[in-house]
Amino acid sequence: MLENLVMRDAEEKDVPVMFQFAKELAEYEGMSEEMVATEESYREWIFKKKFARAKIAELDGKPVGWMVYWCTFSTFLGKSGIFLEDLYVSPQYRRQGIGTAMLQYLAKRVVENGCGRLEWGCQDWNAPTIRFYKSFGAKAMRQWSSYRLDGDALLQLAGVPTEDGEK
């Protein structure tokens with residue numbers, strides 16, 4: 001069955017499918033209220049500004065999943081890596097090896113390009129996905145914590161006035 005699985009570069013015409021997959025992922029992760037992206041923002045940041053890359057997984061010509069990622073740089077390794085922002089497989093196609101094939105595809109690109117690592121994040125509550133990642137030998141980076149600066153805090157640090165006029 002997976003011999004009919006194709007990983008291809010996402011194209012701008014795929015934006016509606018990518019956006020739908022992202023909405024389904026946000027719902028699964030209980031984060032729908034945090035999704036403020038639009039199809040236009042996907043077009044702008046992935047296809048026009050090219051800040052991220054995306055792949056579509058197709059089975060028998062039908063989109064069944066996608067992943068979005070970008071290049072990183074490790075000052076300790078002195079080489080690039082890839083950060084996988086999201087990997088999503090439609091529920092009806094899970095447990096068929098598609099997610100594994102998608103990760104393998106990306107791992108091969110990392111190795112072929114001489115990169116030093118493939119990294120991603122996972123919510124602590126997501127036991128099935130954590131088991132999936134650990135089955136490949138992935139390790140949780142327990143000595144690291146993720147931090148995020150967004151909204152008013154980001155604007156304030158940047159010295160840009162917030163909605164309430166504070167700088």
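This is a short tour of the structure, with a selection to make at each stop.

Before you start, note that the model is predicted: local features need pLDDT of at least 70, side-chain atom pairs count only at pLDDT 80 or more, and totals for chains, interfaces and linings use all residues. Residues are numbered from 1 along each chain as its sequence is written, and side-chain values use heavy atoms, with hydrogens and water left out.

**Stop 1: the strands**

Select residues 53–59, which make up strand β2. Helices (H or I, at least four residues) and strands (E, at least two) are DSSP runs, numbered from the N terminus. Is this strand mostly covered or mostly open? It is mostly covered, with 6 of its 7 residues buried. Here, buried means under 20% relative accessible area, exposed means over 50%, and partly exposed lies in between (1.4 Å probe, protein chains only).

Now add strand β1, residues 5–9, which runs antiparallel to β2 and is joined to it by 5 bridges. Two strands pair if DSSP finds at least two bridges between them. Click on L5 to find its bridge partner in β2, L59.

Next, show strand β3, residues 62–74. It too is antiparallel to β2, with 7 bridges between them. I56 stands opposite W66 of β3. Follow the chain from β2 into β3 and you pass round a hairpin with 2 residues between the strands. One residue to pick in the turn is D60, whose phi is positive, at about 55°.

**Stop 2: aromatic rings**

How many aromatic pairs does a search of the whole structure find? There are 9. Rings of Phe, Tyr and Trp (its six-membered ring) pair if their centres lie within 6.5 Å; planes under 30 degrees apart count as stacked, over 60 as edge-to-face and the rest as tilted.

Keep W66 on screen and add Y42. Their ring centres are 5.9 Å apart and their planes meet at 25°, so this pair is stacked. Because Y42 lies in helix α2 (residues 39–48) and W66 in strand β3, the pair ties together parts that are 24 residues apart in sequence. Y42 is buried at 12% relative accessibility, and W66 is buried at 2%.

Move on to W120 and Y133. With centres 4.8 Å apart and planes at 55°, this pair is tilted. W120 sits in strand β5 (residues 118–120) and Y133 in helix α4 (residues 127–134), 13 residues apart. W120 is partly exposed at 25%, while Y133 is buried at 12%. Add F132 and F136 to see one aromatic cluster formed with W120 and Y133.

**Stop 3: charged side chains**

Select R43 in helix α2. It forms a salt bridge with E39, the closest N and O atoms being 3.7 Å apart, and another with E40, at 3.9 Å. A salt bridge is a side-chain nitrogen of Lys or Arg within 4 Å of a carboxyl oxygen of Asp or Glu. E39 is partly exposed at 28%, and so is E40 at 42%. The structure holds 9 salt bridges.

Finish in helix α3 (residues 98–112), where E112 and R109 are 3 residues apart, or about one helical turn. Their salt bridge has its closest N and O atoms 3.1 Å apart. E112 is exposed at 56%, whereas R109 is partly exposed at 22%. Now show Y105: R109 lies over the face of this ring, 4.2 Å from the ring centre. A charge sits over a ring if NZ of Lys or CZ of Arg is within 6 Å of the ring centre and within 35 degrees of the ring normal.
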